[in-house]
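Hi,

Here is the structure I promised to pass on. Have a look at it first, and my notes follow below.

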Amino acid sequence: MDRTTQGTQLQELLGLGLPPVAIAFRAAAPAGIARIEAPAPAGCGYWRLAAEGKVFYTEAADHYTCPVGAHTHGVDLPPAVAKELNGLVQTMVQMQYIKMEEIPSIPRRQGPFGVLATFQPDIVLVRGTVKQLMLLAEAAQAADVAGGGATMGRPTCAVLPETLQSGRTATSFGCIGNRVYTGLGDDEGYYAMPGAKVADVVSKLAVIVEANRQLEVFHKSRAVR
């Protein structure tokens, strides 16, 4: 099953408003793919562009506009951007949004950055409602690829290195920055899957969706009684 077919089946079975996004970290730009025309305000803003059907790659400098996202992606920051990141962290600590001791535990991609492309995926990212993500999580569990960690919160972009490093799925409630830059709805979140495991999840999804349909009928009749 190729990547396009996998994405189409995920979208149709779950009734997703936007298609899944394929994300790949590579040492160099893939042939035949153009670099993004202009940097987005945040790295997660590229997710929305990819979901709209745009195919592109980004270089390290295209992530300097979002120091937090650049950090989670493993981008080496120039001094001015590193200073901005430190300032943001200090501000969030003062607001009691985070604690300094939390910082080292935030997942961060390891190794040189190279480029990030909407290409043969290391990660497939699904944006959906809680019910849609519930179905996807059940399919991942049936395929034995579900991660065992807690649902992640801030920063949303950390869901990518978490999935890369664990080799298993990860769920994120999103964060306020991501909701601003991507238009993520109040009832939506993210589910990230290792690219190599997507076919396994898709193979279980149709069964899970139908089982839930039948169980919904059963529970509704039981609730009426």
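A quick definition before anything else: helices (H or I, at least four residues) and strands (E, at least two) are DSSP runs, numbered from the N terminus. With that in hand, Pro155 can be placed in the loop between α5 (130–142) and α6. A cis peptide bond joins Pro155 to Arg154, with omega at about -15°.

Please keep in mind that this is a predicted model: local features need pLDDT of at least 70, side-chain atom pairs count only at pLDDT 80 or more, and totals for chains, interfaces and linings use all residues. Residues are numbered from 1 along each chain as its sequence is written, and side-chain values use heavy atoms, with hydrogens and water left out.

**Overall fold**

The protein chain has eight helices and six strands. Their order along the sequence is α-β-α-β-α-α-β-β-α-α-β-α-β-α. The C-alpha trace spans about 65 × 45 × 30 Å along its principal axes. The radius of gyration (taken over C-alpha atoms) is 18 Å, which agrees with the value near 17 Å for a compact globule of 225 residues; the globule rule is 2.2 Å times the number of residues to the power 0.38.

If we call two residues in contact when they have heavy atoms within 4.5 Å, then 69% of the contacts with a separation of 6 or more are between residues 24 or more positions apart. The accessible surface (Shrake-Rupley method, 1.4 Å probe; for residues, only the protein chains shown count as cover) comes to about 11,700 Å², and 56% of that belongs to carbon and sulfur atoms.

**Inside**

I use "buried" for under 20% relative accessible area, "exposed" for over 50% and "partly exposed" for in between (1.4 Å probe, protein chains only). Buried residues are 42% of the 225 in the chain.

A nonpolar core here is a set of buried Ala, Val, Leu, Ile, Met, Phe, Trp, Tyr and Cys residues joined through side-chain atoms within 4.5 Å. The largest one has 29 residues, and Ile23, Trp47, Leu125 and Val159 have the most contacts inside it. Two or more residues come from each of β1 (21–26), α2 (45–51), β4 (123–129), α6 (159–166) and β6 (188–194). The largest share, four residues, is from α2. Leaving out residues up to four places away in sequence, Val159 touches Trp47, Leu125, Met152, Ala170, Thr171, Ser172 and Ala192. There is also a second, separate core of 19 residues, including Leu16, Leu133, Ala140 and Val198.

**Charged pairs**

How many salt bridges does a search of the whole structure find? Counting a side-chain nitrogen of Lys or Arg within 4 Å of a carboxyl oxygen of Asp or Glu, the search finds eleven. Here are some to look at:

- Asp62 pairs with Arg35, with the closest N and O atoms 3.0 Å apart. Asp62 sits in the loop between β2 (57–59) and α3 (67–72) and Arg35 in the loop between β1 and α2, so the pair ties together parts that are 27 residues apart in sequence. Asp62 is buried at 3% relative accessible area, while Arg35 is partly exposed at 35%. Arg35, Glu59 and Asp62 are linked in a network of salt bridges.
- Arg127 meets Glu188 at 3.2 Å, N to O. This pair links strand β4, which holds Arg127, to strand β6, which holds Glu188, 61 residues apart. Arg127 counts as buried, at 12% relative accessibility.
- Glu52 pairs with Arg48, with the closest N and O atoms 3.3 Å apart. Glu52 is partly exposed at 44%, and so is Arg48 at 29%.

**Backbone oddities**

Most residues other than glycine have a negative phi, and most peptide bonds are trans. Besides the cis bond at Pro155, two positive phi values turned up. Gln96 has phi near 65°; Gln96 lies in the loop between α4 and β3 and is exposed, at 72% relative accessibility. Asp144 has phi near 60°; Asp144 is in the loop between α5 and α6 and is exposed too, at 56%.

Cheers
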